[in-house]
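Me: Please take a close look at a single part of this structure, a sheet and the helix lying across it. After that, go through the salt bridges as well.

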Amino acid sequence: MNPSSSRRKGSSDETAPMSDSGSSAAGTSKTHRPILLSAVDVARADGDAGFVDLSSPIVPPLHSFAIEASHPVIQSWPLIRARILTILDQSRIMWSLLGVLRRRQILKQEDDDTTVVLVVQKGNNIEIVERVEEGIYQACCSTGNPDLFVEVLVGGVIRFGETEYEAKAFGGSSISPTEVDYSVGTLGGYIRLMGPNGSRVLAVSCHHVIMPAPLNTPSEYTKAVAPGLGHHIHVSQPGVMARKEDISAKRKVLLLDEGSVKELREEVEYKPWKARNLEVAENSFRISGNELKKALDFDHHFGTVFATSGYKISTTLRCALDWALVDVQYTRQGENKVPKLERAPPGYQVLSEGDVVVGVAQLSMDDYVVKAGYSSGTTYGWFSHIKHDCNLPGNSSLTSEYVIVGHKGRPFALRGDSGAFVLNRQGDVAGLLIAGHEELGTAYVTPMTEVIRDIQEVTGHQVTLP
């Protein structure tokens with residue numbers, strides 16, 4: 001299939017209906033909806049055909065690209081927008097976002113892919129939503145823009161880096177010492193330490209996350225914490241800094257919502273047609289208040305330090321060892337799970353979101369990998385075949401580090417992602433993310449087999465995954 005012709009209107013056999021998962025599935029006559037390519041055609045268009053699973057039934061998702069300054073839709077959008085807002089107001093459906101983007105599955109623009117995007121909330125009547133969708137397309141046509149696609153998604157607008165307040169903590173969430181509000185890292189996941197008198201489940205992150213060094217006394221924080229001697233060091237999840245920033249952001253949202261309600265209550269006295277807007281604003285104000293209360297009331301105590309590696313270097317691989325184990329409160333222990341696989345590129349379809357991770361794998365430099373970090377969320381990448389020599393803070397000499405670069409040149413990790421588990425395409429833990437270079441977009445990973453070997457040597461106990 002020619003990618004440039006695959007998005008032409010009228011190919012009703014390839015259009016896709018609205019769904020909770022995103023945008024589409026085959027078998028509808030809504031020819032104004034984006035037309036989706038198969039995984040094979042997307043891979044061919046992007047030059048990745050050698051890495052795609054030909055038998056995979058998964059349709060690659062649409063990606064968003066910016067509307068450029070010279071795009072003619074910029075002139076037409078004010079009128080289109082006004083008509084769509086009228087349709088939405090009359091329909092009384094609950095919606096979260098309206099906008100215009102270029103939406104396509106492939107990286108290179110092959111044809112016009114300009115799309116009006118509407119995000120509606122769950123719980124709407126599907127027939128009314130479909131009438132709204134048709135109305136939006138008619139609004140495009142009536143303003144001289146019949147070539148615009150219309151995409152309706154179900155969900156809500158989320159704040160990136162949003163702090164989750166759940167009793168059971170999972171990999172990818174923030175973590176920090178309770179007494180530290182200037183640094184935050186990532187909870188990687190959990191291991192089980194097998195002793196002669198039983199076992200215990202411990203959370204894993206990095207030593208420099210759990211023992212961050214103040215600028216005035218860095219050398220005091222490079223040393224290891226021996227097993228069982230760190231119970232005076234309390235650990236929070238969410239991390240203290242992350243929680244403070246989140247609460248501050250929630251307070252700002254609440255104040256904005258409160259201001260909107262006050263303004264609309266004054267307006268509705270002489271503009272009764274604003275009653276619907278006031279109803280929406282009051283609901284948003286209630287939700288904001290509940291979210292702030294949940295954050296303020298949440299008990300963020302997670303556990304205490306069991307042991308850390310300190311800053312040291314592997315005698316076998318010459319890579320940095322930088323791990324920490326946290327003795328977690330039983331009620332807060334989560335599971336090792338495959339993270340949310342948002343916009344997974346070809347090659348990752350063997351992973352299933354939410355599957356329990358039960359294995360540890362030898363790190364292979366031919367692996368595609370995925371990680372969930374507090375700062376950057378779920379990202380994808382692969383190993384570079386030349387390791388980097390690094391002068392890492394706290395180490396006395398050069399280390400030789402495994403390098404991950406992000407998919408399509410995107411950063412694999414950001415500041416705050418240290419401690420994340422790195423999974424291979426089979427969903428096994430392959431490494432522990434310990435450092436990175438933000439300008440290069442590279443991340444440095446210690447093989448998980450080497451981390452476990454060192455934990456076993458330090459503690460004298462065998463290590464498995466729970």
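Reply: Helix α7, residues 448–459, lies across four strands: β7, β10 (301–308), β13 (324–328) and β21. Relative to β21, helix α7 runs at about 140°. The model is a predicted one, and the description below should be read with that in mind.

The strands under discussion belong to an open sheet of 8 strands. Read across the sheet, the order is β6-β5-β9-β10-β13-β8-β7-β21, and the pairing is antiparallel. The edges are taken by β6 (185–186) and β21 (462–464). Each of these two has a single partner strand, so one side of each is left without a neighbour in the sheet.

For β21, the pairing with β7 can be followed in more detail. Strand β7 covers residues 189–195 and pairs with β21 in the antiparallel sense over 3 bridges. Within this pairing, Leu 193 stands opposite Val 463 of β21.

Now to the salt bridges. The structure holds 13 of them, among them the pair Glu 279 and Arg 92, whose side chains meet at 3.9 Å, N to O. This pair links distant parts of the chain, 187 residues apart. Glu 279 sits in helix α6 (residues 275–297), while Arg 92 is in the loop between α2 (73–91) and β2 (95–104). Glu 279 is partly exposed, with a relative accessible area of 40%.

Another salt bridge joins Asp 113 to Arg 104, with the closest N and O atoms 2.8 Å apart. How accessible are its two residues? Asp 113 counts as buried at 1% relative accessibility, and Arg 104 is buried too, with a relative accessible area of 8%. Both values fall under the 20% that sets the limit for buried.

In a further salt bridge, the side chains of Glu 335 and Lys 337 meet at 3.7 Å, N to O. Here Glu 335 is partly exposed at 38% relative accessibility, and Lys 337 is partly exposed with a relative accessible area of 37%. Salt bridges can also share partners, and in this way Arg 92, Arg 276 and Glu 279 are joined into one network.

To return to the part asked about: helix α7 lies across β7, β10, β13 and β21, and β21 is an edge strand of the sheet, paired with β7 over 3 bridges.

Key
Residues are numbered from 1 along each chain as its sequence is written. This is a predicted model: local features need pLDDT of at least 70, side-chain atom pairs count only at pLDDT 80 or more; totals for chains, interfaces and linings use all residues. Side-chain values use heavy atoms; hydrogens and water are left out. A salt bridge is a side-chain nitrogen of Lys or Arg within 4 Å of a carboxyl oxygen of Asp or Glu. Buried means under 20% relative accessible area, exposed over 50%, partly exposed in between (1.4 Å probe, protein chains only). Two strands pair if DSSP finds at least two bridges between them. Contact means heavy atoms within 4.5 Å. Axes are lines fitted to C-alpha atoms, for helices over the stretch in contact, and angles run from 0 to 180 degrees between N-to-C directions.
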